[in-house]
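Notebook open, model loaded. I'm jotting things down in the order I looked them up.

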Amino acid sequence: MIQRSFLLSLTAAFGLLALAIASANETKVGSLIIEQPTIRGTVKTAKVAAGYLTIKNTGAEADRLLSGQVTFADQVQVHEMKVTDGVMTMRPLGDGLLIPPGEAVMLKRGAEHLMFMKLAEPMSEGETRMVTLQFEKAGSVEVMFSVGNLAGDPVDHTGHDHSDHSSHSD
Ligand SMILES: [Cu+2]
């Protein structure tokens, strides 16, 4: 019995620790919890950068991620990936990204993501950037993104035809 309660308190202690670590990089707005906001690192000549995050909806109503605002790029778009004629392409989501109640939506490599258009500066690993995200119901919220490394994105954001992107560049 003594052993069991010791184990229980040990478990509780680890649970609290995990909670503390998780909440360190969490932003809440209304019933939404935003986790692991990351901007993919870029090379110096990059015109665009991708943003990844997880959005949990703890409420009873659906919400939508509509857009965002930053000082380091002209525009923030919410992109979806689609395979057209065997080629992976991306395009802006006109109505924003649905965040269903009780669900967590991951914006990640190869799936929906944020796209920072016409970068004013490169994104270097280890830096942070403030991004204002605009939700339909929860409103706007400032989220501190960490810049990650260059590697690992299965989608080349600069190589393929990208009419939506090029329309914003000179
Ligand atoms: Cu994109």
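Started with Gln36, which I found in strand β2. This is a predicted model, so I'm treating every value here as computed from it. What caught my eye is the backbone: Gln36 has a positive phi of about 50° although it is not a glycine. Most residues other than glycine have a negative phi, hence the note. Buried or exposed, I asked of Gln36? Gln36 counts as exposed because its relative accessibility is 55%, and the cut-off for exposed is over 50%.

Went looking for company and found Asp85. Asp85 also shows a positive phi of about 50° and is not a glycine either. Where does Asp85 lie? I traced Asp85 to the loop between β5 and β6. With a relative accessibility of 78%, Asp85 goes down as exposed.

Next, the overall layout. I counted two helices and eleven strands in the protein. Reading from the N terminus, the order is α-β-β-β-β-β-β-β-β-β-β-β-α. The protein has 170 residues, and 38% of them count as buried. For contacts with a separation of 6 or more, I noted that 68% join residues 24 or more positions apart. The accessible surface came out at about 9,700 Å², with 54% of that belonging to carbon and sulfur atoms.

Then the metal. Which protein atoms are the donors of the copper ion? I wrote down His79 (ND1), Met90 (SD), His113 (NE2) and Met115 (SD), lying 2.2 Å from the copper ion. Along the chain these donors follow the spacing H-x10-M-x22-H-x1-M. His79 sits in strand β5 (residues 73-84) and Met90 in strand β6 (residues 87-92), so I logged them as a pair eleven residues apart that links distant parts of the chain. The angles among the four donor atoms run from 92 to 123°. That makes the site tetrahedral, because the test asks for all angles between 85 and 135 degrees. For reference, the ideal angle for four tetrahedral donors is 109.5 degrees.

Checked how covered the donors are. His79 counts as buried, since its relative accessibility is 0%. Met90 is buried too, with a relative accessible area of 6%. His113, in strand β9, counts as buried at 1% relative accessibility. I also followed the side chain of His113 to another partner: it reaches the backbone oxygen of Ala111 at 2.9 Å.

Last stop, the nonpolar interior. The largest nonpolar core has 30 residues, and Leu114, Phe116 and Leu133 touch the most other members. Which elements give two or more residues to this core? My list reads β2 (32-39), β3 (48-57), β5, β7 (97-99), β8 (104-107), β9 (113-119), β10 (128-135) and β11 (139-147). Of these, β11 gives the most, with four residues.

I picked Leu133 and listed what it touches, not counting residues up to four places away in sequence. Among its contacts are Ile34, Leu53, Leu65, Leu114, Val141 and Val143. Ser67, Gly68, Gly139 and Ser140 are on that list as well.

There is also a second, separate core of seven residues, which includes Val48, Ala50, Met90 and Met117. Met90 turned up earlier as a copper donor through its SD atom, so I've cross-referenced those two entries.

Notes: Residues numbered from 1 in each chain as written. Predicted model: local features only at pLDDT ≥ 70, side-chain atom pairs only at ≥ 80, totals over all residues. Heavy atoms only, no water. Buried < 20%, exposed > 50% of the residue type's maximum accessible area, 1.4 Å probe, protein only. Contact = heavy atoms within 4.5 Å. Areas by Shrake-Rupley, 256 points an atom, 1.4 Å probe, with all protein chains shown as cover. Donors = N, O, S within 2.8 Å, 3.2 Å for Na, K, Ca; no water. Tetrahedral: all angles 85-135°; square planar, octahedral: opposite > 155°, others 65-115°. Core = buried A, V, L, I, M, F, W, Y, C linked by side-chain atoms within 4.5 Å. Polar contact = N/O pair within 3.5 Å; in protein donor to acceptor, adjacent residues only side chain to side chain.
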